[in-house]
Amino acid sequence: LKKAETLGPLDSHARLQLALAYIAMKRGDWARPELERLALAEPADQPPSRLTPKTYKFSLEARTRLVG
């Protein structure tokens, strides 16, 4: 997916998949910029659904605090 970004911008679904893949690889430092891009692209006045980029960003931050 990261290579695909050189051909054109990733949509939010692909960017979320990329961020989750980074998290699965235990590379939170790589996932954080992708999650931040997703959080900025999501309207602030929209109520969060169950699986949104903001939810995953919060999850990543919480996991980082717990793991250290």
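## Exercises: salt bridges and core

The side chains of Glu-34 and Arg-15 form a salt bridge, at 2.4 Å from N to O. The model is predicted.

**Exercise 1.** Find where the partners Glu-34 and Arg-15 sit in the chain, and say whether they are buried or exposed.

*Solution.*
- Step 1. Glu-34 belongs to helix H2, Arg-15 to helix H1.
- Step 2. The two are 19 residues apart, so the pair links distant parts of the chain.
- Step 3. Buried means under 20% relative accessible area. Glu-34 has 2%, so Glu-34 counts as buried. Arg-15 is buried too.

**Exercise 2.** Name the residues that are linked with Glu-34 in a network of salt bridges.

*Solution.*
- Step 1. Arg-37 and Glu-34 meet through their side chains at 2.9 Å, N to O.
- Step 2. Both lie in helix H2, three residues apart, about one turn of the helix.
- Step 3. Arg-37 is partly exposed, because its relative accessible area is 41%.
- Step 4. The network therefore holds Arg-15, Glu-34 and Arg-37.

**Exercise 3.** How many salt bridges does the structure hold? Classify the partners Asp-29 and Arg-27 by exposure.

*Solution.*
- Step 1. There are three salt bridges. One of them joins the side chains of Asp-29 and Arg-27 at 2.9 Å, N to O.
- Step 2. Partly exposed lies between 20% and 50%. Asp-29 has 47% relative accessibility, so Asp-29 is partly exposed.
- Step 3. Arg-27 has 29%, so Arg-27 is partly exposed.

**Exercise 4.** Which helix gives the most to the largest nonpolar core?

*Solution.*
- Step 1. That core has ten residues, among them Leu-10, Leu-16, Tyr-22 and Leu-35.
- Step 2. Helix H1 (12-24) and helix H2 (28-41) each supply at least two.
- Step 3. H1 gives the most, with six residues.

Methods: Residues are numbered from 1 along each chain as its sequence is written. This is a predicted model: local features need pLDDT of at least 70, side-chain atom pairs count only at pLDDT 80 or more; totals for chains, interfaces and linings use all residues. Side-chain values use heavy atoms; hydrogens and water are left out. A nonpolar core is a set of buried Ala, Val, Leu, Ile, Met, Phe, Trp, Tyr and Cys residues joined through side-chain atoms within 4.5 Å. Buried means under 20% relative accessible area, exposed over 50%, partly exposed in between (1.4 Å probe, protein chains only). Helices (H or I, at least four residues) and strands (E, at least two) are DSSP runs, numbered from the N terminus. A salt bridge is a side-chain nitrogen of Lys or Arg within 4 Å of a carboxyl oxygen of Asp or Glu.
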